[in-house]
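Subject: Structure handover and notes

Dear colleague,

Here is the structure I promised to pass on to you. Please look through it first; my notes on what was found follow below.

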Amino acid sequence: MASYSIGSGSRINITYFTGTGGTAMAARALDKTLTAAGAVTRLNELTCESNVDEAGANDFLIVCYPVYAFTAPRPVLKHLKRLSASDGTPAAVISVSGGGEVSPNLACRRKPIRLLERRGYRVVYENMLVMPANAIEPTPDALARRLLAVLPDKAEAIASAMLNGVERRSAPDFSNRMLAWFGRMEQLFARLVGKLMKVSGECTACGLCAAFCPTGNIRMVGEHPAFAWQCVTCLRCVYNCPAQALRPRLGKMLVIDGGYSLSDYESGDAPAVPDGDDDAANGKAFDGVRDYLTSHV
């Protein structure tokens, strides 16, 4: 017998943080499947202006976020610490990464799960969705398109598992737990990356970087963007700048040459990788992606 039950009429909150759009796409895919099953869903995006408190307003909570430095982004952890107490409401944690369910990401959900449990939530399910990588090593175009193509099926499999009361929890080993802990220390580096962002003379003072920064780290001072200490290095400002005027002074290796755009992957000329074709996913860096593409979820 399932230890929890959600289905038609269940109130489900999907709270997510997104940088360059992959997690937003994943959250919407989960929402679509759950809505089709008759659940009453609410999508809550965490931004500097959001004030979401799910306690008492739902039958099930899903927390969805991109993996930054082997753990959850700081806004997610901050939000979970502020949740009102729950009396055993079931919850799920869905992480999104470009590398998949492999080390060093195996403990990336541990901290959010612990925070939810401290607030009285009962975490019954956790899993990983894979999207094209937006930092360091780009996902080959054909493979990126394949990941986008399979997202609806993967999200449907995860949503169906939760609708059927499936329990799924992991037990990361000590080395991965330590990597996640060190990742939280790396968030201090992320603040410095944002504070020292370089603005070139190509800046047109359009203000898009300030308008779309999810942490409110950027504001326009005169005709130039100014950066504070709240950066999480999501790189949304860098990739979305129409003049390509933003570049980090620290962490230059994070930025993918040629930029990053999910819409470009969707409309690109490169064909999606067919089933069973691993040529575009060669190399150790794509072990987790290959496993994800061949797994049930």
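In the chain of this predicted model, residues 24 or more positions apart account for 80% of the contacts with a separation of 6 or more. The secondary structure comes to 9 helices and 9 strands. The radius of gyration is 19 Å, close to the 19 Å that the globule rule gives for 297 residues, so the chain is as compact as a globular protein of that length. Taken along the principal axes, the box filled by the C-alpha atoms is roughly 65 × 45 × 40 Å. Of the 297 residues, 49% count as buried, and the accessible surface comes to about 13,900 Å², with 51% of it belonging to carbon and sulfur atoms.

As regards charge, the chain carries 32 positive and 29 negative side chains, and the centres of these two sets lie 10 Å apart. The number of salt bridges comes to 7, and three of them are described here, beginning with the one between Arg236 and Glu45, whose closest N and O atoms are 3.9 Å apart. Since the criterion for a salt bridge is a distance within 4 Å, you may wish to keep that value of 3.9 Å in mind. Arg236 belongs to helix H7 (residues 236-240) and Glu45 to strand S2 (residues 40-45), so this pair ties together parts that are 191 residues apart in sequence. Arg236 is buried, with a relative accessible area of 13%, whereas Glu45 is partly exposed, with a relative accessible area of 30%.

The second salt bridge is formed by the side chains of Arg169 and Glu126, at 3.4 Å from N to O. This pair, too, links distant parts of the chain, with Arg169 in the loop between helix H4 (141-163) and H5, Glu126 in strand S5 (residues 122-130), and their positions 43 residues apart. Arg169 counts as partly exposed, at 41% relative accessibility, while Glu126 is buried, with a relative accessible area of 3%. Salt bridges that share partners join these two residues with Glu101, Arg109 and Glu117 into one network.

The third salt bridge, between Asp287 and Arg290, has its closest N and O atoms 2.1 Å apart. Both residues lie in helix H9 (residues 287-294), and their separation of 3 residues is about one turn of the helix. An α-helix has 3.6 residues a turn, so residues three or four places apart point the same way.

Turning to the packing of one helix, the buried residues of H2 (residues 74-82) are Arg74, Val76, Leu77, His79 and Leu80. These buried residues pack against two strands and two helices, namely strand S1 (11-16), strand S3 (60-66), helix H3 (110-118) and helix H5 (174-195).

The loop between strand S4 (90-97) and H3 holds Asn105, and Pro104 is found in the loop between S4 and H3 as well. The peptide bond that joins Ser103 and Pro104 is cis, with omega about 15°. Asn105 is buried, with a relative accessible area of 11%. If its neighbours within four places in sequence are left aside, Asn105 is in contact with Val67, Phe70, Ser97, Gly100, Met128 and Asn176.

Finally, there are two backbone angles to record. Ala205, in the loop between strand S6 (197-199) and helix H6 (208-212), has a phi near 60°, which is a positive value in a residue other than glycine; Ala205 is partly exposed, with a relative accessible area of 30%. Gln244, which is not a glycine either, has a positive phi of about 50°. The place of Gln244 is in the loop between H7 and strand S9 (246-248), and Gln244 is exposed, with a relative accessible area of 58%.

With best regards

Key. Residues are numbered from 1 along each chain as its sequence is written. This is a predicted model: local features need pLDDT of at least 70, side-chain atom pairs count only at pLDDT 80 or more; totals for chains, interfaces and linings use all residues. Side-chain values use heavy atoms; hydrogens and water are left out. Helices (H or I, at least four residues) and strands (E, at least two) are DSSP runs, numbered from the N terminus. The radius of gyration is taken over C-alpha atoms; the globule rule is 2.2 Å times the number of residues to the power 0.38. Buried means under 20% relative accessible area, exposed over 50%, partly exposed in between (1.4 Å probe, protein chains only). Contact means heavy atoms within 4.5 Å. Accessible areas come from the Shrake-Rupley method with a 1.4 Å probe; for residues, only the protein chains shown count as cover. Lys and Arg count as positive and Asp and Glu as negative; His and the chain ends are not counted. The place of a charge is taken as NZ of Lys, CZ of Arg, CG of Asp or CD of Glu.
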